[in-house]
Amino acid sequence: MEIPDTLIPITEIHLDGNIRLYIKREDLIHPEISGNKYWKLFYNINHYLQQRPKKPLIITFGGAFSNHIASVSALGKGLGIQTLGIIRGDELQQKWQENPTLQFAHEKGMDFRFVTREEYRDKETLNWTLENEFPDALIIPEGGTNTLAVKGIQHMLNNETKSFDYLCTAVGTGGTVAGISKFAERNQQVLGFKVVDDESLRQKVFELSGRRNSVLIEAHDGSYGKITDENVRFINSFSEKYSVQLDPVYTGKMMKRIFELIETEYFPEGSSILAFHTGGLQGIEGANQMLQKQNRAFINQIRS
Ligand SMILES: Cc1ncc(COP(=O)(O)O)c(C=O)c1O
């Protein structure tokens, strides 16, 4: 993988009052491997390919709507490397064709192995089995989070990002916020918006970043992947007003919480906030499919 020469724009989200909010459009870095996914995979893949595996294979894990699964499949296709997705939920074996994310990954040449939720949770056994079966494969953990992923996140920070008081990102498996924390300036406060109810994240972020400069804030609406009508309304009004598309699982929840924090005067007067747009837009189609089945308002998609 190469460092793209795309210039990632930082644009202002104009608000009333004297808090300045900006968004860094990491979602524009690559059409199919967008946002933090590109950087979490960057050193993992390059390190693996430097070892010149005879028959390269990338194995990774994810749920049916996983942005990470979609990204790895596209990356494999782009590099001409076979990919295997270990997918949570054996019931999907019969109906994966109905799922837009898995359909996309299949089109990119990814093979699937569907496992029960119980098997999926037992990562140790699963890894051990895969390592034995595919000794030359690169096995990337769920969400792509590991020390090399954290190293890759440094590329989301640059001279421009140094001037902001707050750096914000959505948090799933913790690699992105750990990377931002690790490479942030000493005077910057990092805010991670947890879209998953996972108590172990605080410790994990500390272990990965070696720093305690981040605060994790709940943004999950009850559980991972839960999409409330309020969340949909927020995403639609945000895109109408600011012409930026957010996704319902990560960036929409983060931005909604940021707005709430501004409203409740969490940020001191005059603060400047930078929120990273980490992508995830491929998940909108699947989310809308579900919302339509439930006869609920769906997410308007804009081009930006
Ligand atoms: C769009 C989006 N934003 C944020 C995250 C959170 O990243 P992490 O799992 O590193 O916490 C993810 C997961 O990779 C994601 O897909």
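Which residues form a negative surface patch? Select D90, E118, E119, D122 and E124: together they make up the patch. The model on screen is a predicted one.

**Stop 1: the patch and α5**

Keep E119 selected and show the secondary structure around it. E119 belongs to helix α5, which covers residues 117-121. The relative accessible area of E119 is 42%. E119 is called partly exposed because that value lies between the limits of 20% and 50%.

**Stop 2: strand β7**

Next, select residues 166-171, which are strand β7, and pick out L167 within the strand. Is L167 buried or exposed? The relative accessibility of L167 is 0%, so the residue counts as buried.

Now display the neighbours of L167, leaving aside residues up to four places away in sequence. The residues that L167 touches are L157, T161, I180, A184, Q188, Q189, V190, L191, L274 and F276. Two of these, L274 and F276, fall within the range of strand β10, residues 272-276. Add S272 and draw a C-alpha to C-alpha distance from L167: the separation is 9.0 Å in space, against 105 residues in sequence.

**Stop 3: helix α12**

Select residues 283-293 for helix α12. Which of its residues are buried? They are G283, I284, G286, A287, N288 and L291. In an α-helix, residues three or four places apart point the same way, because there are 3.6 residues a turn. In α12, the buried set includes I284, A287 and L291.

To see what lies over these buried residues, add helices α2 (67-79), α4 (100-107) and α10 (229-242), which are among the elements that cover them. Then step just past the end of α12 to N295, where phi is positive, at about 60 degrees.

**Stop 4: two loops with positive phi**

Most residues other than glycine have a negative phi. Two further positive values can be visited in loops.

Start from α10 and move into the loop that leads to α11 (251-263), where S243 is located. The phi of S243 is positive, near 55 degrees, and the residue is not glycine. S243 is partly exposed, at a relative accessible area of 45%.

Continue to the loop between α11 and β10 (272-276) and select E265. Here phi is near 60 degrees, again a positive value in a residue other than glycine. Is E265 buried or exposed? With a relative accessibility of 66%, E265 counts as exposed, because the limit for that class is over 50%.

Methods: Residues are numbered from 1 along each chain as its sequence is written. This is a predicted model: local features need pLDDT of at least 70, side-chain atom pairs count only at pLDDT 80 or more; totals for chains, interfaces and linings use all residues. Side-chain values use heavy atoms; hydrogens and water are left out. Buried means under 20% relative accessible area, exposed over 50%, partly exposed in between (1.4 Å probe, protein chains only). Helices (H or I, at least four residues) and strands (E, at least two) are DSSP runs, numbered from the N terminus. Contact means heavy atoms within 4.5 Å. Patches are made of residues with over 30% relative accessible area and no salt bridge: like charges are joined within 9 Å, nonpolar side chains (Val, Leu, Ile, Met, Phe, Trp, Tyr) within 5 Å. Accessible areas come from the Shrake-Rupley method with a 1.4 Å probe; for residues, only the protein chains shown count as cover. A salt bridge is a side-chain nitrogen of Lys or Arg within 4 Å of a carboxyl oxygen of Asp or Glu. Lys and Arg count as positive and Asp and Glu as negative; His and the chain ends are not counted. The place of a charge is taken as NZ of Lys, CZ of Arg, CG of Asp or CD of Glu.
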